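Reader: Hi! I have a fresh model open and would love to talk it through with you. Mind if I throw some quick questions at you?

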Amino acid sequence: MNAAISLENLTVSYRRHPALHHVNGAFERGSLTAVVGPNGAGKSTLLKSMLGLVRCNDGRVLTHVDARRIAYLPQQAEIDRSFPISVLDCVLLGYWQAKGNWGGIDAAMCARARQALAAVGLDGFSGRPVASLSVGQFQRVLFARILLQDAEVILLDEPFNAIDARTTGDLLRIISAWHAERRTVIAVLHDHDQVRRAFPQTLLLARHVVAWGQTAEVMCEENLQRARAMAEAVDEQAGVCEVSEADVLALSQSHDHVHAHLHAHEPTHEHAHAGKGGLQ
């Protein structure tokens, strides 16, 4: 198996409302994958499940890399920028996984942080407070922080939301460089044209997997319509594992797309979390 992260029958619900249902598949090492789907399809929940931030009702996530080498960029709406911290100090937080609470920061580390800021187009911004930055500038800061993490797996939740085209283009080039370095990048996105241009793999979600594979095959109109129909057919009052007839029909139609990503055997040295979740 050449997977970075595998999903086995992953099921997650909030207040007994299903967010993800019986999701199976794997993100291959070095892959660049967009996660797309209608609103409420479970895209952000999927990323949080892989990090152990939400409880799994059933199934599990297997991480085949060191959990300390997974970087996560949440949606900006989830980040409090009111804390008085400088741009440089925010970027230096990228060393936290390696250094912990008591690890020291030396001159060489500060120099690398400034180099990361220059790489994202923010040379000279190190002393500014993060609260003074625009949305696009702050997103560049967060990408600079990931550069310091030297992560093997990078999870991005709506990284281009509410930022300008120039910033989006610059950040896409960084993502492309990560892909060239054989890092595994998984990004929740909404712009289908952007996905078709820049992401070779796509996972189309509607709480269930609709299709998963080569972007050109996944992002066809038939699959997109099926995803919309599945999202509209969801019964919010259903139990955790109750599936409507419309869902069953859609799942049977999409089986061929999913089958190639199923993994029936379990590796022996993976980090796994099931039930209560949590990277181990």
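Reader: Let's start with β5 and β6: do they run parallel or antiparallel, and how many bridges join them?

Author: In this predicted model, β5 and β6 run parallel, and four bridges join them. One pairing to look at is A71, whose bridge partner in β6 is I154.

Reader: Nice. Which residues of β5 are buried, and on which side?

Author: Strand β5 covers residues 70-73, and both of its faces are covered. I70 and Y72 are buried on one side, while A71 and L73 are buried on the other.

Reader: I154 caught my eye. Which residues touch the most other members of the largest nonpolar core?

Author: I154 is in that group, together with V141, F143, L156, I175, W178 and F199. The core has 53 residues. Helix α5, residues 135-149, gives the most to it, with seven residues.

Reader: And which domains does this core draw on?

Author: Domain 1 (1-65 + 152-234) and domain 2 (80-150) each supply at least three residues.

Reader: What does L156 touch, leaving out residues up to four places away in sequence?

Author: Quite a list: L47, L73, F143, I146, I175, W178, V185, I186, A187 and V188. L73 comes from β5, where it is buried, and F143, I175 and W178 are named with L156 among the core residues that touch the most other members.

Reader: Is there a second core, and how many residues would it have? Which ones does it include?

Author: There is a second, separate core of 28 residues, and A4, L10, A41 and M50 are among them. M50 also belongs to helix α1, where it is buried.

Reader: Good link. Why would you call α1 largely enclosed?

Author: Because eight of its nine residues are buried, helix α1 (residues 43-51) is largely enclosed by the rest of the structure. The buried ones are K43, S44, T45, L46, L47, S49, M50 and L51.

Reader: What follows α1?

Author: G52 follows, with a positive phi near 75°.

Reader: Which residues have a positive phi although they are not glycine?

Author: N9 is one, with a phi of about 55°, and D150 is another, at about 50°. N9 lies in strand β1, whereas D150 sits in the loop between α5 and β6.

Reader: Are those two buried or exposed?

Author: Both fall in the middle class: N9 is partly exposed at 27% relative accessibility, and D150 is partly exposed at 41%.

Reader: Back to β1, then. How does it pair with β2?

Author: Strands β1 (residues 3-14) and β2 (residues 17-28) run antiparallel and are joined by eight bridges. Within that pairing, I5 stands opposite F27. The hairpin has two residues between the strands, and R15 takes a positive phi near 50° there.

Reader: Changing topic: where is L171, and what is it in contact with beyond its neighbours within four places in sequence?

Author: L171 is in helix α6, residues 165-180. Its contacts beyond those neighbours are Q139, R140, F143, P159, F160 and I163. L171 counts as buried because its relative accessibility is 0%.

Reader: How far is the C-alpha of L171 from that of G121?

Author: They are separated by 9.8 Å, though the two residues are 50 apart along the chain.

Reader: What about N223, is it buried or exposed?

Author: N223 is buried, with a relative accessible area of 0%. This asparagine is found in helix α9, residues 221-232. A polar atom of its side chain lies 3.0 Å from the backbone oxygen of V218.

Reader: I should check the cysteines before I set anything up. How many disulfides are there?

Author: The count comes to zero. As for the cysteines C90 and C220, C90 is buried at 5% relative accessibility, while C220 is partly exposed at 27%.

Reader: Last one, the overall picture: how many helices and strands, and how much counts as buried?

Author: There are 10 helices and 10 strands, and 52% of the 280 residues count as buried. Among contacts with a separation of 6 or more, 73% come from residues 24 or more positions apart.

Reader: Lovely, thanks for the tour!

Conventions:
Residues numbered from 1 in each chain as written. Predicted model: local features only at pLDDT ≥ 70, side-chain atom pairs only at ≥ 80, totals over all residues. Heavy atoms only, no water. Disulfide = S-S within 2.5 Å. Buried < 20%, exposed > 50% of the residue type's maximum accessible area, 1.4 Å probe, protein only. Core = buried A, V, L, I, M, F, W, Y, C linked by side-chain atoms within 4.5 Å. Domains from an automatic or database assignment. Contact = heavy atoms within 4.5 Å. Polar contact = N/O pair within 3.5 Å; in protein donor to acceptor, adjacent residues only side chain to side chain. Pairing = 2+ DSSP bridges.
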